[in-house]
Amino acid sequence: MVIRKAEERDIAGMTNVFALAVENTSDLYSVTQRAAWVSQALRSAFWEELLRTQYVLVCFEMNT
């Protein structure tokens, strides 16, 4: 397992994980709320700003 500071090259993976997590939440949130969150997260500018203004870590498995 690797844990490191997120970089711009991680944006596609971060977007996918976030969208899957939101889409697979329980009924705590409405379909409209989940769609709004996912649509925001699909914008690369959202992630670029996040990486510029916050300390973000990514974690992934190394397949050998």
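Start on the surface: select Met-1, Ile-3, Tyr-55 and Leu-57, which together make a nonpolar patch with about 520 Å² of accessible area. Keep in mind as you go that this is a predicted model.

Now narrow the selection to Tyr-55, one of the residues in that patch. You'll find Tyr-55 in the loop that runs between helix H3 (44–53) and strand E2 (57–60). Is Tyr-55 buried or exposed? Its relative accessibility is 62%, so Tyr-55 counts as exposed; the cut-off for that label is over 50%.

Next stop: helix H1, residues 11–23, where you can pick out Thr-15. Thr-15 has a relative accessible area of 11%, so this one is buried, a label that applies under 20%. What does Thr-15 touch, leaving aside residues up to four places away in sequence? Show Ala-41, Leu-42 and Trp-47, and you have its contacts. Stay on Trp-47 for a moment: its side chain and that of Thr-15 are joined by a polar contact of 3.0 Å.

For the last stop, go to helix H2, which covers residues 31–41, and select Arg-34. Arg-34 comes in at 15% relative accessibility, so it counts as buried too. Which backbone oxygen should you look for around the Arg-34 side chain? Turn on the backbone atoms of Tyr-29: its oxygen lies 2.9 Å from a polar atom of the Arg-34 side chain.

To retrace the route, go from exposed Tyr-55 to buried Thr-15, then on to buried Arg-34.

How values were computed
Residues numbered from 1 in each chain as written. Predicted model: local features only at pLDDT ≥ 70, side-chain atom pairs only at ≥ 80, totals over all residues. Heavy atoms only, no water. Helix = DSSP H or I, 4+ residues; strand = E, 2+ residues; numbered from the N terminus. Buried < 20%, exposed > 50% of the residue type's maximum accessible area, 1.4 Å probe, protein only. Polar contact = N/O pair within 3.5 Å; in protein donor to acceptor, adjacent residues only side chain to side chain. Contact = heavy atoms within 4.5 Å. Patch = residues over 30% accessible without salt bridge, like charges linked within 9 Å, V, L, I, M, F, W, Y side chains within 5 Å. Areas by Shrake-Rupley, 256 points an atom, 1.4 Å probe, with all protein chains shown as cover. Salt bridge = Lys/Arg side-chain N within 4 Å of Asp/Glu carboxyl O.
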